[in-house]
Structures are given as C-alpha cells and as structure tokens.
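I opened the notebook to go through the ligand site and the empty spaces of this model. My notes follow the order in which I looked things up.

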Amino acid sequence: MVSCPLTFCLCLHVSIVQLPSSICFSCFITHSLSFWLFLYSGVVNEYVKQVRQLACQLLDMVGEGLGLQDTRVFSRLLQDSENDSLVRLNHYPPWPGSDRAGGDADRDPAGGKSRDKRSGGGRIGFGEHSDPQILSILRSNDVDGLQILSAQADDGGVWIPVPADPVAFYVIVGDALQAMTNGRLVSVRHRAMANSCRPRTSTVFFGAPSPGTRITPLPQMIKPDAPRRYKSFTWAEYKKAMYSLRLGHNRLDLFLADPDDHDQESGISN
Ligand SMILES: O=C(O)CCC(=O)C(=O)O
Ligand SMILES: [Fe+2]
C-alpha cells in the first residue's frame with residue numbers, strides 16, 4: 001500500500017463566529033499547527049471575511065448573469081448566521097517521480113474504467129471529486145497540481161492541468177449551485193497531483209448554506225426545454241449522503257428528479 005502524499009488537511013468551520021472558538025478539527029492536526037492557528041487567528045479571520053465577501057460578490061454576479069429578479073438569492077445563504085462554510089488547508093509534500101507515467105493517476109479512483117491515460121500518470125494528492133458546497137474559492141502557492149476534468153465525453157473526459165498562480169483566486173462551482181441552477185452551472189470535477197520536487201499548498205474557502213436550508217432548482221431555471229433535474233433536499237441531507245459515499249462518486253445523481261415529478265415545490269428556503 002502506498003501512503004497518501006497529502007500530509008495534512010485541516011478543516012475549519014467558518015460560520016459567522018470568529019476563530020479560535022469556531023475551530024472544528026475535523027482532520028488530524030499537529031500541536032504546532034494548532035498553535036500556529038491560534039497565533040494567526042486574526043489573519044485567518046480577516047482572510048475568511050474577505051474571501052467570503054468575494055464569494056458573495058461573485059454569486060451576486062451569477063444571479064445577475066442568470067437574469068434573476070432576486071440577484072442575492074445565492075449570496076444570502078453564505079451570510080446566514082448558521083451557514084456551514086469551511087476553510088481547508090491542504091499540504092502536498094514533494095513526491096519524487098510523480099511526473100512519471102504509471103502512478104496512481106492511471107487508475108480510476110471510483111473503480112471504473114480508467115480515464116487518465118492522457119494525464120501522464122503521477123501521484124494523486126487529492127483524488128477526483130466535485131466540491132459539494134455552493135462555491136469554492138481556492139488559492140495556492142506557485143506549485144502546479146490542480147487539474148480539472150473536461151466535460152464528460154464518451155471516453156470519460158480528459159484531465160486538464162490548471163497552472164498555479166499564487167496571486168489568483170480559482171473559483172469552483174459546487175454541487176449545491178448546480179442543483180439550484182437546475183444544471184445550468186456545472187460543478188467541475190477536479191483533483192490535485194503531487195509535484196515531484198516542490199511542496200504544494202492550497203487554501204480553499206467552501207461557501208455553504210445552513211444545514212436546514214432546502215436546496216432545490218429555482219423556479220426561473222425550470223423551463224419547458226429545461227425540465228426539473230433535481231429533487232429538493234436539505235444541505236444536511238446532502239452532507240449525510242456525501243459521507244456515505246466515496247470521494248469520487250457523483251453524489252448529485254442520488255437526487256435526480258423523477259421525469260414525471262412536476263409538482264415538487266421549487267425555490268430555496270431555510
Ligand atoms: O489542492 C488543490 O488544488 C485542490 C484541493 C481541493 O480540491 C479541495 O480541497 O477540495
Ligand atoms: Fe475540491
């Protein structure tokens with residue numbers, strides 16, 4: 001068995017309450033890291049505040065772009081005092097030889113047919129997945145590693161490397177936004193590869209609604225040529241389904257609407 005090249009992955013709950021009282025250690029964390037967080041809690045709080053604001057502005061632009069009357073319908077969910085947003089710090093130490101073919105990237109993590117023959121192999125740091133939340137804002141150091149899966153073709157898609165830019169924010173649509181827009185916006189499948197000689201670090205803000213928020217396609221997104229694609233579910237129900245599945249599974253498939261189910265209520269509520 002090969003050990004995972006992701007050395008640490010730390011999740012912080014970042015609802016409106018401030019650090020350090022809101023810290024939720026959902027993953028293994030060393031004492032030095034918790035001390036570091038305590039020391040820098042002011043900086044972390046400020047970062048979270050700013051990045052949440054950025055996410056909200058982007059979501060308002062999405063609302064505008066979709067022609068919604070209530071353009072703040074998505075961003076309000078991130079501003080709810082009970083919102084379930086997270087920040088995750090990922091660290092991938094160098095993994096010599098990870099740019100050689102024949103690494104674990106040549107295997108499909110979900111156990112199906114291999115779709116990675118054109119990725120050049122390599123060592124996976126964070127396996128293929130889509131982010132479950134509404135919107136993710138990712139920032140990394142200058143070490144490459146992020147890859148996105150091109151739109152599903154018959155051959156299962158192609159992995160496209162996204163060059164690292166330490167002064168850029170990467171915006172990733174999450175499953176919840178895909179459901180609310182009835183599939184108009186698609187949550188991209190992505191993964192992170194280990195670099196052969198330099199460590200990669202990434203910090204991701206995941207904007208999520210409160211656990212009780214009902215996620216359902218907006219009525220404006222349902223049209224004769226775009227029938228309802230998803231059932232209505234709460235964020236808590238979605239998380240429960242997520243934890244029961246493997247990382248690489250397409251969880252939204254569990255919530256596909258029945259073709260003749262026209263009378264489910266639409267619209268987000270909490
Ligand atoms: O580290 C990266 O570039 C990707 C991390 C990621 O996808 C995640 O934390 O959900
Ligand atoms: Fe992700």
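**Entry 1, ligand 1.** I began with the polar contacts of the ligand. In this predicted model, an oxygen atom of ligand 1 sits 2.5 Å from an N or O atom in the side chain of Arg 200. I then looked up Arg 88, where a side-chain N or O atom is 2.8 Å from an oxygen atom of ligand 1. For His 190 I noted 3.0 Å between a side-chain N or O atom and an oxygen atom of the ligand. How many residues are around ligand 1, and which come nearest? I counted 14 residues around the ligand, with Arg 88, Tyr 92, His 190, Arg 200 and Ser 202 coming nearest.

**Entry 2, largest pocket.** I looked up the open space next. The largest pocket holds about 430 Å³. Its lining is made of 22 residues, and those nearest the centre are Arg 88, Pro 132, Gln 133, Met 242 and Tyr 243. Arg 88 is thus on my list for ligand 1 and on my list for the pocket. Which elements each supply at least two lining residues? I wrote down β1 (8-13), β2 (86-92), β3 (124-129) and α5 (235-243). Of these, α5 gives the most, four residues. By class I recorded eleven nonpolar, five polar and six charged residues in the pocket lining.

**Entry 3, cavities.** I turned to the enclosed space. I found two cavities of 30 Å³ or more. The largest cavity has about 110 Å³ of space. It is lined by 16 residues, and Asn 90, His 129, Leu 138, His 190 and Val 204 are closest to its centre. I had already met His 190 at ligand 1. At least two residues of the cavity lining come from each of β2, β3, β8 (190-193) and β9 (200-207). Which of the elements gives the most to this lining? I noted β9, with four residues. The cavity lining divides into eight nonpolar, four polar and four charged residues.

**Entry 4, confidence.** I checked the scores last. The model has ipTM 0.99 and pTM 0.84. The protein chain averages a pLDDT of 83, and 74% of the residues score at least 70. Where does pLDDT stay under 50? I marked residues 17-29, for which the model has 22 contacts beyond four places in sequence. I also marked residues 106-115, where the pLDDT is below 50 and the model has 23 contacts beyond near neighbours in sequence. Predicted coordinates should not be read in detail where pLDDT is low. I therefore leave the detail of such coordinates out of my reading.

How values were computed:
Residues are numbered from 1 along each chain as its sequence is written. Chains are lettered from A and ligands numbered from 1 in the order in which they are written. This is a predicted model: local features need pLDDT of at least 70, side-chain atom pairs count only at pLDDT 80 or more; totals for chains, interfaces and linings use all residues. Side-chain values use heavy atoms; hydrogens and water are left out. pLDDT is the predictor's confidence in each residue, from 0 to 100. Contact means heavy atoms within 4.5 Å. On a 1 Å grid over the protein atoms alone, a cavity is a set of points where a 1.4 Å probe fits but cannot get out, and a pocket is an open set with protein on both sides within 12 Å along at least five of seven lines; lining residues have an atom within 4 Å of a point. Grid points are joined across faces, edges and corners, and a volume is the space filled by probe spheres set on the points. Ala, Val, Leu, Ile, Met, Phe, Trp, Tyr, Cys and Pro count as nonpolar, Asp, Glu, Lys and Arg as charged, and the others, Gly among them, as polar. A residue is near a molecule or strand if one of its heavy atoms lies within 4 Å of it. A polar contact is a pair of N or O atoms within 3.5 Å; within protein, one must be able to donate a hydrogen and the other to accept it, and residues adjacent in sequence count only if both atoms are side-chain atoms.
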